[in-house]
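Please open the model in your viewer and keep a selection box at hand. The tour below moves from one selection to the next and says what is found at each stop.

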Amino acid sequence: MRYSAKERFVAHLLSSFPELKQKIKYVYQRLNYWRFKKDQNFHSENILMRISDVQDASFFGYYDRSPMSEDGKQVLFHSTSGDTRKEPRFTQGIDVMLFDLDTQKAHKVATTQAFNWQQGAKSQWLNQQEIIFNDYFPSENKYVSKIYNTETKQFRTIDNPIYDVFQDYALSLSFDRLSELRPDYGYFAKESSQHSFDLDKEGLIYVDLKENTSHLLLSIDTVIKNHYREEMDDADHLVNHIMISPCGTKFMFLHRWFKNGVRHDSLMICDRDGRNLKCLADDGMVSHCCWKSKTEIVAYLNDSQFGANYYLIDIVDGERKPILFLSHLGDGHPHVCGDEMLVDTYPNKARMKELLLYNFKTNQLSCLGEFFESFQYYGQSRCDLHPRFSRKGETVFVDSVHEGERHLYMMKK
């Protein structure tokens, strides 16, 4: 049912012709679906529970953060009565919600226009009592973030949107730039997202959450000079997918540039204060990453020697080890807790996505479930599983459309 290494190789060759690739890919997937489609839209030996007590569509967002509170009693998610099959720019805003696992009741925190289907409003737990999410101020035509205290029910506004947070600070980037070059992760609330772009003045932004101040931490020009190559000239550059380390002292991010419609990726690592910037991977393709420990990263990327695969990277010496047991899966979204890693797959020939559990110690891989995704959810409106553990690793959360509408689910592994 999975696409073979040969099929993935052909897809890679077509990457030099992105528009043609998308057309061929769509037709090929359609033909395979009619040949291999299954009668069931979900299969698992485990019990799956839908989060929320309302019928509106629901989801959490990206795979790099857990929606569960530190005490395990509440689940943070997004909800909307809008049609999530449409691109985000053509639908209404979303609600930031909290679900009480004891009472099985959900309540709305706020409504925001700063969102997309892949990452929501970047809503995440800041600590046991506080959540943070991105918002839009129409009167000033700008994106901000808000901190909500679940005990006092009070809001505090931060003058910058955030991407990732750690205790008293956040890191951010240009969501305007994302809306132009990577619309899957951009926001579309502004009257016009067109803006002048200066490599010296845009990049990674440091946000002090206590003082509500910010400054440019790393310009894109600095990132380019760190690992410059001639093909970067006259390209469109951006930074994306910032992930702060578990101890908060370092962060990784992707430097991406587009030239003649072709995307190039590099995995970068840096200290919290912007020092010791270095490139960890630069062989053309870097996709989804996560922290395994404070000194190790799991990443799906291309390696000039071993090819495209999941790799375990030591950020101290840069050593890169292929996780060979996962080489047949193709790209997915990894999330690690202890010695276990969740990873999903993109739809196979029957449009079924697999939720997989990998153990680093035993090198065992098991399937927790299969989820159907129809062609109604495609492109920017796709619904990747984006698997995430609970804080202690006992529960798994996924977004799925196997019931015909986008919803957030939890499962005991």
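Is Arg-388 buried or exposed? With a relative accessible area of 0%, Arg-388 counts as buried, and this value, like every other on the tour, is computed from a predicted model.

Keep Arg-388 selected and add Asp-399, since the two form a salt bridge whose closest N and O atoms are 2.8 Å apart. Asp-399 belongs to strand β28 (residues 395-400) and Arg-388 to strand β27 (residues 388-389), so the pair ties together parts that are 11 residues apart in sequence. Asp-399 also counts as buried, at 3% relative accessibility.

Next, select Lys-190 and Asp-176, which form another of the 31 salt bridges that the structure holds. Their closest N and O atoms are 2.8 Å apart, and both residues are buried. Lys-190 sits in the loop between α3 (175-181) and β13 (203-208), while Asp-176 is in helix α3, so this salt bridge ties together parts that are 14 residues apart in sequence.

Stay on helix α3 and select Arg-177 together with Asp-236, a salt-bridged pair whose closest N and O atoms are 3.9 Å apart. Here Arg-177 lies in helix α3 and Asp-236 in strand β15, so the pair ties together parts that are 59 residues apart in sequence. Arg-177 is buried, with a relative accessible area of 9%, whereas Asp-236 is partly exposed, at 38%. Adding Glu-180 to the selection completes a network, in which salt bridges that share partners join Arg-177, Glu-180 and Asp-236.

From Asp-236, follow β15 into its pairing with strand β16 (residues 250-259), an antiparallel arrangement held by seven bridges. Ile-244 stands opposite Phe-251 in β16, and the hairpin of these two strands has five residues between them, with Gly-248 taking a positive phi near 85°. Strand β16 is mostly covered, as eight of its 10 residues are buried.

On to strand β17 (residues 262-271), which pairs with β16 in the antiparallel sense over 10 bridges. Phe-258 has Arg-263 in β17 as its bridge partner, and the hairpin formed by β16 and β17 leaves two residues between the strands, where Asn-260 in the turn has a positive phi of about 55°.

Now select His-227, in the loop between α4 (220-226) and β15 (236-244). What joins the side chains of His-227 and His-255? A polar contact of 2.9 Å does so, and His-227 itself is buried, with a relative accessible area of 8%. Beyond four places away in sequence, the residues that His-227 touches include Trp-257, Met-268, Cys-279 and Asp-282.

A further set of strands begins at β20 (residues 296-303), which is joined to strand β21 (residues 307-314) by eight bridges in an antiparallel run. Val-298 has Leu-312 in β21 as its bridge partner, and the hairpin joining β20 to β21 passes through three residues. Strand β21 is in turn joined to strand β22 (residues 320-322) by three antiparallel bridges, with Pro-322 in β22 as the bridge partner of Tyr-311.

For the last stop, turn to the surface and select Phe-17, Leu-20, Ile-24 and Tyr-28, which form a nonpolar patch with about 390 Å² of accessible area together. Leu-20 lies in helix α2 (residues 18-36) and is partly exposed, with a relative accessible area of 44%.

Key
Residues numbered from 1 in each chain as written. Predicted model: local features only at pLDDT ≥ 70, side-chain atom pairs only at ≥ 80, totals over all residues. Heavy atoms only, no water. Patch = residues over 30% accessible without salt bridge, like charges linked within 9 Å, V, L, I, M, F, W, Y side chains within 5 Å. Areas by Shrake-Rupley, 256 points an atom, 1.4 Å probe, with all protein chains shown as cover. Salt bridge = Lys/Arg side-chain N within 4 Å of Asp/Glu carboxyl O. Helix = DSSP H or I, 4+ residues; strand = E, 2+ residues; numbered from the N terminus. Buried < 20%, exposed > 50% of the residue type's maximum accessible area, 1.4 Å probe, protein only. Polar contact = N/O pair within 3.5 Å; in protein donor to acceptor, adjacent residues only side chain to side chain. Contact = heavy atoms within 4.5 Å. Pairing = 2+ DSSP bridges.
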